[in-house]
Amino acid sequence: MVFCPVGTVGDKLRLLRLRQRAINGDLSSLYQRPETSALALLRQLGFSERIIKRFFKPFFAGVFFEPDLAVSSRAFEFVFRAFALGDTALPAKGMEQIPLQLAQRLPAQRIELGCKVERLIGHSGDVGSDAEGDAEGDQAGDLGSNTGVVLGNGEVRAAKAVVIATPGREAARLLGRPAPETRGTSCFYFAAPTAPINGPYLVLDGNSEGPINSLLCPSNLSSAYAPPGQALITVNCFGHQHDPDQLALLVHRQLRAWFGTAVESWRQLAVYQIDDALPVQAPPVNAPSAEEPLNPVAERIWLSGELAAPPSIHWALVSGRRAAESVARDLQGDRA
Ligand SMILES: Cc1cc2nc3c(=O)[nH]c(=O)nc-3n(C[C@H](O)[C@H](O)[C@H](O)COP(=O)(O)OP(=O)(O)OC[C@H]3O[C@@H](n4cnc5c(N)ncnc54)[C@H](O)[C@@H]3O)c2cc1C
């Protein structure tokens, strides 16, 4: 970045200092630092308004789905640390490879897909609240347990332990808690005869001149993302409450300003409006200690994922492991 005109020479030195600050110490000390907003932290550290507008805002806005950097400085430093310590990567065959890899380690019959958990059994909000709840509790009891779940098709699954690992809104619904505040995003996918850029770059809108936050050509990273002779282009916009046709027009206008008439040959494949892409990460953001045991939220019910830890694959894995270890300890206690 030394020769890139995005910020001043002083900004480049401040970036090095920010990098050092973010990688100092361990993660639990990072989450104990005094907390402010990411924007306030960058100003405190002396960054110019130019680099904030042209780099920090568009780049981290795409990470947090929050255009004004009004997120916790801890969440910001956690993400900056991740970018500083490791490569930025996309699985060659898509993000789904992560759960597939985890699932491959389990016997196939242990996992049932495509069945929504409608309600929990054994959670005070549900069991015994009505005749239906009593009947389900009895069914689970017949299966040797007072805990379990009711599926969308009405079937009951009894369980010695239940771990809720859904997105935050759904976890809150199951537990009868208020829904967490979230940020949304809209993603466009295009097929094109050629990619508009070469190489593994994320293109940011540093001028805030339209709805697009970022653009990427995943097929530049892995040939698995597009058939031979074609390119896949993804375009990400803030928010999800758009009129999709109106947004498509604005996206097209901005893409044409960037890449010219070549855009006319792009074919729109899909648009996804993701309502609850991420929880709002305004202060306070706290991270669980990976070492401390995780207490159940109700008898034999544990909570992992977004409602239990900050969002990210890292924290999803940490909170999943903590929940698994706590369940294992609890079940061992049963056997003792
Ligand atoms: C567009 C986008 C880009 C992202 N990019 C990154 C990134 O680059 N790096 C990063 O670290 N994080 C990223 N994140 C955040 C990351 O994806 C999440 O923090 C992480 O996936 C959370 O993992 P999880 O296992 O807790 O929940 P999820 O991955 O959301 O999995 C929850 C599962 O629960 C299932 N489910 C929901 N309700 C029910 C129900 N009632 N019954 C049964 N099953 C149910 C869902 O189908 C889903 O499979 C991104 C998020 C989005 C939306």
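In which order do the three strands of the open sheet with antiparallel pairing come? I start there because a colleague might want to trace that sheet before anything else; the points below take the answer first and then move through the rest of this predicted model.1. The open sheet. The order is S1-S2-S3, and the strands pair in antiparallel fashion. Strand S1 (117-121) and strand S3 (156-158) stand at the edges with a single partner strand each, so one side of each is left without a neighbour in the sheet. From one strand to the next, the twist averages 25°.

2. The S1 and S2 pairing. S1 is joined to strand S2 (residues 148-151) by four bridges, and the two run antiparallel. To find the register on screen, take Leu120: its bridge partner in S2 is Val149. In a regular strand, side chains alternate between the two faces of the sheet.

3. The chain as a whole. Here you will find eleven helices and ten strands. The C-alpha atoms fill a box of roughly 70 × 45 × 35 Å along the principal axes. Of the 336 residues in the chain, 28% are buried. Among contacts between residues at least 6 apart in sequence, 68% join residues at least 24 apart.

4. Strand S5 and its two partners. Strand S5 (residues 182-192) is joined to S9 by nine bridges, running antiparallel. Thr182 stands opposite Pro279 in S9. S5 also runs antiparallel to strand S8 (residues 231-238), with eight bridges between them. On that side, Cys187 has Asn236 in S8 as its bridge partner.

5. Helices H1 and H5. At what angle do helix H1 (residues 9-23) and helix H5 (residues 73-85) pack? The angle is about 100°, and the axes are 8 Å apart. An angle from 65 to 115 degrees counts as roughly perpendicular, and that makes H1 roughly perpendicular to H5. On the H1 side the contact is made by Leu18, Arg19, Ala22 and Ile23, which meet Glu77, Phe80, Arg81, Ala84 and Leu85 in H5. By class, the residues of this contact divide into six nonpolar, no polar and three charged.

6. Arg169. This residue is found in helix H8 (residues 168-175). Is Arg169 buried, exposed or partly exposed? It has 17 other C-beta atoms within 10 Å; buried would take 20 or more, and exposed 12 or fewer. Arg169 is therefore partly exposed. Leaving aside neighbours within four places in sequence, Arg169 is in contact with Ala179, Pro180, Thr182 and Asp276. Thr182 is the residue already met opposite Pro279 in S9. For a sense of distance, the C-alpha atoms of Arg169 and Gly206 are separated by 32 Å, with their positions 37 residues apart along the chain.

7. The loop between S9 and S10. Two backbone features here deserve a look. Pro284 lies in the loop between S9 and strand S10 (301-303), and the peptide bond from Pro283 to Pro284 is cis, with omega near 0°. Arg300 is found in the loop between S9 and S10 as well. Although Arg300 is not a glycine, its phi is positive, at about 65°. Arg300 is buried, with 22 other C-beta atoms within 10 Å.

8. Ser312. In the loop between S10 and H11 you will find Ser312. Its phi is near 135°, a positive value in a residue other than glycine. Ser312 has 18 C-beta neighbours inside 10 Å and so counts as partly exposed. Ser312 also belongs to the group of residues closest to the ligand.

9. The ligand shell. How many residues surround the ligand? There are 17, and the closest are Val117, Gly305, Ser312, Ile313 and Ala316. Strand S9 (267-279) and helix H11 (313-335) each supply at least two residues of this shell. By class, the shell has nine nonpolar, five polar and three charged residues.

Key:
Residues are numbered from 1 along each chain as its sequence is written. This is a predicted model: local features need pLDDT of at least 70, side-chain atom pairs count only at pLDDT 80 or more; totals for chains, interfaces and linings use all residues. A residue is near a molecule or strand if its C-beta atom, placed from the backbone, lies within 6 Å of it. Ala, Val, Leu, Ile, Met, Phe, Trp, Tyr, Cys and Pro count as nonpolar, Asp, Glu, Lys and Arg as charged, and the others, Gly among them, as polar. Two strands pair if DSSP finds at least two bridges between them. Axes are lines fitted to C-alpha atoms, for helices over the stretch in contact, and angles run from 0 to 180 degrees between N-to-C directions. Angles under 35 degrees count as roughly parallel, over 145 as roughly antiparallel, 65 to 115 as roughly perpendicular and the rest as oblique. Two residues are in contact if their C-beta atoms, placed from the backbone, lie within 7 Å.
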